[in-house]
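Thanks, everyone. I have one model to go through today, and I will keep to what can be read from the coordinates.

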Amino acid sequence: EQQQQEQPQQRQYIPFSEVGPHDVLLGRGQRSYDAQGTILFRRLIAERKEEYLAATKIKRKKEIASELVDHVRNGLDPPGRFLRLVTEAEKAASKGGEPGAAAKPGEDDGDQQLWCLADDKQCLEKAKMTLRQKDTKDTKRDQKAAASASAAVKVKVAEGSSEGVGNSATRGKAAGAKGSGKGKRGR
């Protein structure tokens, strides 16, 4: 498959203007996070997260992640792709070795950003990482208003009292015995 591509790096470069509605953008930054395909991917992840976290076998966890990647690639119309940002070194190599020709890391060069297909291992790792990831305020932003309101109530309860908060009662007992709350773990 890679031999069929014509570029010396054997990568097909995709400008941001050609990123499709189901393409998942790997990497950091607002552009990747807010991409329509990435938002859809997080929603698909949310549907399977409980099953993933409940799975006790690594093989089953890998199957769930693979199913999600496969769904993006083959179960959507149009099919989605997993794309990663082309590095400065890759850009320079494709332009004949001029390192200054590419944007510096962290700079937003807008529609000039180039993306390439992520390999299967990167796609699977992205799915597994996202499945493991704790919900953050950014993830909650993508959820429906009712779920966001529920999360806000949980935060207020956690700030207002120790009821229902993890091991706080246990930590308090340990702190009373030793004074530090750290116990003898690790000695």
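I will start with the overall layout, then take the sheet, one cysteine, one helix and two charged side chains.

First, a caution: this is a predicted model. Every value I quote is computed from that prediction.

The protein chain has 187 residues, and 28% of them count as buried. It contains 8 helices and 4 strands. Read from the N terminus, the order of elements is β-β-α-α-α-β-α-β-α-α-α-α. As for contacts in the chain with a separation of 6 or more, 65% of them are between residues 24 or more positions apart.

Now the sheet. In what order do the strands lie? The order is β1-β4-β3-β2, in an open sheet of 4 strands with mixed pairing. The edges are taken by β1, residues 14-15, and β2, residues 24-26. Each of these has a single partner strand, so one of its sides has no neighbour in the sheet.

Going through the pairs, β1 runs antiparallel to β4, and 2 bridges join them. On that side of the sheet, Pro15 stands opposite Leu114 in β4. Next come β3, residues 82-85, and β4, residues 114-117, which are also antiparallel and are joined by 3 bridges. The residue pairs there are easy to pick out on the screen. Leu83 faces Leu117 of β4, Arg84 is opposite Cys116, and Leu85 has Trp115 as its bridge partner. The parallel pair is β2 with β3, again with 3 bridges. In that pair, Val24 is set opposite Phe82 in β3. As a general reminder for looking at these strands, side chains in a regular strand alternate between the two faces of the sheet.

Let me stay with Cys116, which sits in strand β4. Is Cys116 buried or exposed? It is buried, with a relative accessible area of 0%. Leaving out residues up to four places away in sequence, Cys116 touches Arg11, Gln12, Tyr13, Phe82, Leu83, Arg84 and Val86. Cys116 and Pro15 are 101 residues apart along the chain, but their C-alpha atoms are separated by 8.8 Å. Another cysteine, Cys123, is likewise buried, with a relative accessible area of 0%. How many disulfides does the model have? The count is 0, where a disulfide would need a pair of cysteine sulfur atoms within 2.5 Å.

On to helix α3. This helix covers residues 58-74, which is 17 residues. From first C-alpha to last, α3 reaches 24 Å, close to the 24 Å expected at 1.5 Å a residue. Which residues of α3 are buried? They are Ile64, Ala65, Leu68, Val69 and Val72. These buried residues cover an arc of only 130° around the axis, which means they lie on the same side of α3. What do they pack against? Their packing partners are β2, α2, β3 and α5, the last being residues 120-132. The face of α3 turned away from the buried side carries the exposed residues Lys59 and Asn74.

Glu67 is also found in α3. At a relative accessible area of 36%, Glu67 is partly exposed. Apart from neighbours within four places in sequence, Glu67 is in contact with Arg48 and Arg60. The C-alpha atoms of Glu67 and Ala127 are separated by 9.6 Å, and the two residues are 60 residues apart along the chain.

The last side chain is Arg42, in helix α2, residues 36-54. Why does Arg42 count as buried? Its relative accessibility is 13%, and the cut-off for buried is under 20%, so Arg42 falls in that class. A polar atom of the Arg42 side chain lies 3.1 Å from the backbone oxygen of Tyr33.

To recap, there is an open, mixed sheet of 4 strands, and β2 and β3 are among the elements against which the buried residues of α3 pack. Cys116 in β4 has a relative accessible area of 0%, and the disulfide count is 0. That is the end of the walk-through.

Note on methods
Residues are numbered from 1 along each chain as its sequence is written. This is a predicted model: local features need pLDDT of at least 70, side-chain atom pairs count only at pLDDT 80 or more; totals for chains, interfaces and linings use all residues. Side-chain values use heavy atoms; hydrogens and water are left out. Buried means under 20% relative accessible area, exposed over 50%, partly exposed in between (1.4 Å probe, protein chains only). Two strands pair if DSSP finds at least two bridges between them. A polar contact is a pair of N or O atoms within 3.5 Å; within protein, one must be able to donate a hydrogen and the other to accept it, and residues adjacent in sequence count only if both atoms are side-chain atoms. The expected span of a helix is 1.5 Å times one less than its number of residues. The arc is that of the directions from the helix axis to the C-beta atoms. Contact means heavy atoms within 4.5 Å.
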